[in-house]
Amino acid sequence: MAHPFFSIIIPVYNTEKYIERCINSILIQSFTNFELLLVDDGSADKSGEICDKFALNDSRIKVIHKTNGGVNSARSIGFKKSSGIYIIFVDSDDELRQHALKKMFELYKKQKFDLLVTSKTLIGPKGEYELYNKVSGYITNEKYVTLLLKNGIFIGPHGRMTKRDLYIESDAFNIPKDIIINEDLIMNLRLGISAKNILISNEINTYNYYNNPNTASKNIKDLMYWDKVFNIIASILIKNNLNKYKSIQIAYYSMILNRIRLSTQKPKYIKNKYLHRIKLIYLANMNIIKDYIILKYNFISKITKKLKCL
């Protein structure tokens with residue numbers, strides 16, 4: 001039996017209000033050569049039952065029920081049960097846009113790639129907004145990593161299609177269970193490093209991202225948490241000899257500065273450790289960073305004062 005072109009994997013956890021909308025957005029796609037894997041991650045509501053009902057009426061749907069292990073665990077199990085040539089992830093409270101699969105497949109036929117990142121739409125209480133990556137076209141691995149770390153391309157798994165082999169080659173799901181924010185950044189960092197052909201396309205919009213204030217990414221974490229994330233990312237960069245590039249070094253510390261801003265900024269010894277490192281990068285690359293980081297955030301004047309004291 002031939003493998004489906006797309007495997008669409010949806011981690012599902014307590015989203016009974018939204019899951020039908022999400023599944024329907026996939027079943028109405030004009031491109032039909034796909035399988036849909038619904039991974040019920042131990043939902044306490046009726047999400048799992050809803051998934052089972054859909055599976056009864058469409059042979060392309062597989063439902064996997066598991067104990068709660070987090071979104072990375074759900075993605076990993078869904079991937080292991082999948083057989084598609086390209087992988088697409090969708091969150092259970094979001095949806096694919098009309099003809100999204102057709103647009104991605106047609107682009108693939110014209111321009112071969114291992115990894116595609118498209119534009120998407122943010123839907124919130126105040127309306128809809130088109131979201132674009134800051135570049136378009138083929139980019140190198142170095143450029144991809146630089147942009148990913150400084151939010152120049154979307155860090156989430158949405159609006160992407162990725163060749164199946166990359167997940168295996170990069171060990172993409174090897175992420176500690178307690179990393180629940182920016183786990184997708186770590187996954188996509190590994191995938192981008194392993195990819196041979198990376199295409200960014202703002203010309204096609206494939207995803208509706210609903211701004212849900214209850215998602216994990218909205219929770220503020222202290223710097224004990226972020227220190228773990230920073231160390232994982234640093235180890236990936238060092239392992240792949242990418243830390244030698246100035247652009248990546250600066251992007252890495254730009255990311256750290258952004259996370260410090262969004263954190264509790266405690267404990268202070270971790271904050272001061274990274275501010276000291278940023279100071280060294282700042283002094284070594286002053287002309288570059290003035291436009292790149294130092295002017296990026298309103299709070300930077302306070303950071304700069306602290307740097308002078310370290």
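## A walk through the predicted model

At 33% relative accessibility, His99 counts as partly exposed. This is a predicted model, and His99 is a handy place to step into it. You'll find His99 in the loop between strand E5 (95–96) and helix H4 (100–110). Have a look at its backbone, too: phi is positive, at about 65 degrees, although His99 is not a glycine.

Now zoom out for a moment. The protein has 12 helices and 10 strands. It runs to 310 residues, and 54% of them count as buried. If you take the contacts with a separation of 6 or more, 81% of them come from residues 24 or more positions apart. As for the outside, the accessible surface comes to about 14,900 Å², with 52% of that belonging to carbon and sulfur atoms.

For a look at the inside, go to helix H1 (residues 19–27), where Ile23 has its place. Ile23 has a relative accessibility of 0%, so it counts as buried; the cut-off for that is under 20%. Leaving aside residues up to four places away in sequence, Ile23 touches Leu36, Leu38 and Phe54. Ile61 is worth finding as well: 38 residues separate Ile23 and Ile61 in sequence, while their C-alpha atoms are 9.7 Å apart in space.

Next, a helix pair. Helix H5 (residues 141–149) and helix H7 (residues 183–194) have axes that come within 8 Å and cross at roughly 165 degrees. Angles over 145 degrees count as roughly antiparallel, and H5 and H7 are therefore roughly antiparallel to each other. The crossing of H5 past H7 is right-handed. Which residues in H5 and H7 meet? From H5 come Asn141, Tyr144, Val145 and Leu148, and they meet Leu185, Asn188, Leu189, Gly192, Ile193 and Ser194 in H7. Sorted by type, the residues of this contact are six nonpolar, four polar and no charged.

Last stop: the loop between helix H9 (246–262) and helix H10 (268–284), which is where Pro267 lies. The peptide bond from Lys266 to Pro267 is cis, with omega near 0 degrees. Gln265 lies in the loop between H9 and H10 as well, and its phi is positive, at about 65 degrees, although Gln265 is not a glycine. That may ring a bell from His99, where phi is also positive at about 65 degrees. Is Gln265 buried or partly exposed? With a relative accessible area of 23%, Gln265 is partly exposed.

Definitions and conventions. Residues numbered from 1 in each chain as written. Predicted model: local features only at pLDDT ≥ 70, side-chain atom pairs only at ≥ 80, totals over all residues. Heavy atoms only, no water. Axes fitted to C-alpha atoms, helices over the stretch in contact; angles between N-to-C directions. Helix = DSSP H or I, 4+ residues; strand = E, 2+ residues; numbered from the N terminus. Parallel < 35°, antiparallel > 145°, perpendicular 65-115°, else oblique. Left-handed = near helix turned anticlockwise from the far one by under 90°. Contact = heavy atoms within 4.5 Å. Nonpolar A, V, L, I, M, F, W, Y, C, P; charged D, E, K, R; others polar. Buried < 20%, exposed > 50% of the residue type's maximum accessible area, 1.4 Å probe, protein only. Areas by Shrake-Rupley, 256 points an atom, 1.4 Å probe, with all protein chains shown as cover.
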